[in-house]
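The following exercises are to be worked with the sequence and the coordinates at hand. Each task is followed by a stepwise solution.

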Amino acid sequence: MLALSDEIKMRGFKVNPQILKISDSLIDVGNKLQNIDENKKINQVCKTNIEDVKLAVKYFFSENYKIHDIPYLSFYHLRKNTNIPVIKMVDPFELPLFFENHPESLFFGYLIAKLINETKRKVFFTGIVINDIITELSVCSYAHEITHSLLDSLNGAINDYYNSEILSEFNELIVAHLLSDDERILRTYDSYRVHEFNYLINRVKNYKPAFDDIDDVLEDCKYVTSMIRTYNLFSEYYYGSEGTKQYIISRINEIFAGKSTVEELLSEFMDVSEPSQSLTFSKKAFDYFERKN
Ligand SMILES: [Zn+2]
């Protein structure tokens, strides 16, 4: 995995992250969401196979997005008479998939990215890793990492490091929503995020500079910020008309095409001018968590 400073350089983030101040009201919000979630008690996913996972994610992207090729560094293709690997542009679905065993989180996954030539900020990818326990949730993880590959290969698609999980999580939510008519998978996903949110805000609140790694706490802040803003955006999509849904997807397509930024999209739906210190869920996002069926 990359060090945080490399990650910030690699993705060209402009904003220097500051540790979030976790207010008591945000802790209350976390507890409230936890209570809502416990009353629903939906946690049920089925096993599937990797071929079906790939098909579902490919179908999702082909129906919604125009995707671009990304730089792949292949150790399987070496330059003639050398052991120097070749970098070639490929469809993100051609990135090799690897598997790791993580029974504690079915959503586990990451993109293997490397940074070369710091001044020109060249990024390339060698593969995608997901959990070797293949379930319906693997569709979410795979869609998440494909989204990262499309954004990380662009210059300046995201300005603020703390916003870098938003579109990956947003696409996870849309695929989770599409996967089952009764929202079984979407609710399982929400439940996982609510637990994660509470865990992370408590960890940030209890941060001890003498003991804890600064990179780790900044990463926690990234997930907290991204999750709040993702749900603020997703509730607009979820309750929005067909036109609103199409509009948000078309704006994401502009970001994938390098014509807009994540912050420009967010600013149409929420206040992102404030530093992330005053973050909270919107009324619509609350309605979404509280929805009955
Ligand atoms: Zn991610």
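Three exercises on this predicted model follow.

**Exercise 1.** Determine whether the end-to-end distance of helix α3 agrees or disagrees with its expected span, and which of its residues are buried or exposed.

*Solution.* Helix α3 comprises the 15 residues 50–64; at 1.5 Å a residue, these should span 21 Å. The end C-alpha atoms are 21 Å apart, in agreement with that expectation. Next, the burial is assigned: Val53, Ala56, Val57 and Phe61 of α3 are buried. Viewed down the axis of α3, the buried residues fall within an arc of 125°, so they line one face of the helix. An α-helix has 3.6 residues a turn, so residues three or four places apart point the same way. On the other side of α3, the exposed residues are Glu51, Leu55, Tyr59, Ser62 and Glu63. Finally, the cover over the buried residues of α3 includes α4 (137–152).

**Exercise 2.** Describe how α4 and α5 cross, and classify the residues of their contact.

*Solution.* The axes of α4 and α5 (residues 166–179) come within 8 Å and cross at roughly 145°. The crossing is right-handed. Contributors to the contact include Val139, Ala143 and Leu151 of α4, and Leu167, Glu172 and Val175 of α5. By class, the contact residues divide into eight nonpolar, five polar and two charged.

**Exercise 3.** Locate Glu183, and state the sign of its phi and its exposure class.

*Solution.* Glu183 lies in the loop between α5 and α6 (184–205). Its phi is near 65°, a positive value in a residue other than glycine. Because Glu183 has 17 C-beta neighbours inside 10 Å, it counts as partly exposed.

Technical notes
Residues are numbered from 1 along each chain as its sequence is written. This is a predicted model: local features need pLDDT of at least 70, side-chain atom pairs count only at pLDDT 80 or more; totals for chains, interfaces and linings use all residues. Helices (H or I, at least four residues) and strands (E, at least two) are DSSP runs, numbered from the N terminus. The expected span of a helix is 1.5 Å times one less than its number of residues. A residue is buried if 20 or more other C-beta atoms lie within 10 Å of its own, exposed if 12 or fewer, and partly exposed in between; C-beta atoms are placed from the backbone. The arc is that of the directions from the helix axis to the C-beta atoms. Two residues are in contact if their C-beta atoms, placed from the backbone, lie within 7 Å. Axes are lines fitted to C-alpha atoms, for helices over the stretch in contact, and angles run from 0 to 180 degrees between N-to-C directions. A crossing is left-handed if the near helix is turned anticlockwise from the far one by less than a right angle, and right-handed if clockwise. Ala, Val, Leu, Ile, Met, Phe, Trp, Tyr, Cys and Pro count as nonpolar, Asp, Glu, Lys and Arg as charged, and the others, Gly among them, as polar.
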